[in-house]
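Open your viewer, get the selection box ready, and follow along stop by stop. Each stop tells you what to pick and what you will find there.

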Amino acid sequence: MSIASLVRIGEKALLVWDVFDPSPLGHYRRLSRPVDGWLTRDEESELFQLARAVPREQAIVELGSWFGRSAILLGGGSLRGKQSPVFSVDLFRAAGCARELLEDRAGAAAEDYWDQFQAHIHEAGLERVVTALRGDTAEIGATWSGPPVALLFIDADHSYEGVRRDWSHWRVRLAPHAVVAFHDYGNPAYEGVARFADELAARGAFRSTRRHDSLLLAEVSNHAAVP
C-alpha cells in the first residue's frame, strides 16, 4: 500500500472514542469522516465550534468545498448553534494550483463533484442550513448580496494570487469582528497561503490570530481599509 493511500485512510479514520462520542461534534465527525477531505481533529473541532457561535442573522462562507467534509462540520455547528446560513462556494470541479493533485486523488470524480457534494449534505441532514453556490469564489464575493459574513473559511485556490483574490473580493462582505480561517497555513506545498496571511497581519488587518495545525484563525480589524 502506498504512503498516499495510508495518509488518505488516516484522514478518514474514526478513533474509538469518536465512535461512541455522544457530543454534537462527535455526531458530525462520524458523518464527515467518510467524506474525502483534509481536516485534522483539531481543525474539525475549531470549525465546528466557530460555526456554532455565528449569529443567525450573519453568514458562514467557505471558499473551496471539495466533497463536503468541511461543510458538514460547519453546517453541523450551525445547526447545533444559532442556525446561521452556511454557503459553500466552489466550481465543483478540480481547478487552481492543486488541480493535478485533486485529479490524481479523485480520478474522474474531480471533473464534476456537485452531485456528490449535494448527496453528502443530504445524508448529513443539513440541507436546511447549507447552500452550495457554484462559481468562481472571488467573482461570487464581488457580487455577494447575502448576509454579512461572520466566518469566512478560505480554502480554494492555494496560490498567493488565489488567496489574494478571494480576500480582496470578500473582505468588504465581512461583519464586524468577523473571523477568517486560512487553511493550509504553514503547509510548504502552498507557501502562498502563509505569505499572504502574514502580509495582512503585518499591515494590521487582524486584531488577533491563533493557529490550530494548518488552520490560521484571524479576527479581522478595520477590514474595509486593508486591500
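Which residue forms a salt bridge with Glu103? Select Glu103 and look for Arg99, whose closest N atom lies 3.0 Å from an O atom of Glu103. Keep in mind throughout that you are looking at a predicted model.

**Stop 1: helix 6**

Show helix 6, residues 99-106, as a ribbon with the Glu103 and Arg99 side chains on top. The two residues are about one helical turn from each other because they sit 4 residues apart in this helix. Colour by accessibility and you will see that Glu103, at 34% relative accessibility, counts as partly exposed. Arg99 is partly exposed too, with a relative accessible area of 46%.

**Stop 2: helices 3 and 4**

From that pair, move to a group: Arg29, Arg33, Glu44 and Arg69 are joined into one network by salt bridges that share partners. Zoom in on Glu44 and Arg29, where the closest N and O atoms of the salt bridge are 2.6 Å apart. This pair connects distant parts of the chain, with Glu44 in helix 4 (residues 41-53) and Arg29 in helix 3 (residues 24-32), 15 residues apart. Are these two residues buried or exposed? Both Glu44 and Arg29 are buried.

Stay with helix 3 and select its buried residues: Pro24, Leu25, Gly26, Tyr28, Arg29 and Ser32. They pack against helix 2 (16-20), helix 4 and helix 5.

**Stop 3: from helix 4 to strand 6**

Next, select Glu46 and Arg210, whose side chains meet in a salt bridge at 2.8 Å, N to O. Here too distant parts of the chain are linked: Arg210 is in strand 6 (residues 206-212) and Glu46 is in helix 4, 164 residues apart. The two ends of the bridge fall into separate classes: Arg210 counts as partly exposed at 40% relative accessibility, whereas Glu46 counts as buried at 14%. Across the structure, the count comes to 11 salt bridges.

**Stop 4: the nonpolar core**

Hide the charged side chains and turn to the largest nonpolar core, which has 67 residues. Select Val61, Leu126, Leu152, Trp170 and Phe182, the members that touch the most others. Now centre on Phe182. Leaving out residues up to four places away in sequence, Phe182 touches Ile154, Val163, Val193, Ala197, Leu200, Phe206, Ser214, Leu215 and Leu216.

**Stop 5: the cavity**

Keep Phe182 selected, since the next stop includes it. The structure holds 1 cavity of 30 Å³ or more, and the largest cavity has a volume of about 40 Å³. To outline it, select Ile154, Asp155, Ala156, Asp157, His158, Val163, Phe182, His183 and Val193. This lining divides into 5 nonpolar, 2 polar and 2 charged residues.

**Stop 6: the largest pocket**

Finish at the largest pocket, with a volume of about 710 Å³. Which of its 36 lining residues lie nearest the centre? Select Leu102, Asp155, Ala156, Asp157 and His158. Then bring back the ribbon: helix 5 (69-79), helix 6 and helix 9 (160-170) each supply at least two lining residues. Helix 9 gives the most, with 3 residues. Colour the lining by residue type and you should find 14 nonpolar, 12 polar and 10 charged residues.

Technical notes. Residues numbered from 1 in each chain as written. Predicted model: local features only at pLDDT ≥ 70, side-chain atom pairs only at ≥ 80, totals over all residues. Heavy atoms only, no water. Core = buried A, V, L, I, M, F, W, Y, C linked by side-chain atoms within 4.5 Å. Buried < 20%, exposed > 50% of the residue type's maximum accessible area, 1.4 Å probe, protein only. Contact = heavy atoms within 4.5 Å. Salt bridge = Lys/Arg side-chain N within 4 Å of Asp/Glu carboxyl O. 1 Å grid on protein atoms, 1.4 Å probe; cavity = no way out; pocket = protein on both sides within 12 Å on 5 of 7 lines; lining within 4 Å. Points joined across faces, edges and corners; volume = space filled by probe spheres on them. Nonpolar A, V, L, I, M, F, W, Y, C, P; charged D, E, K, R; others polar.
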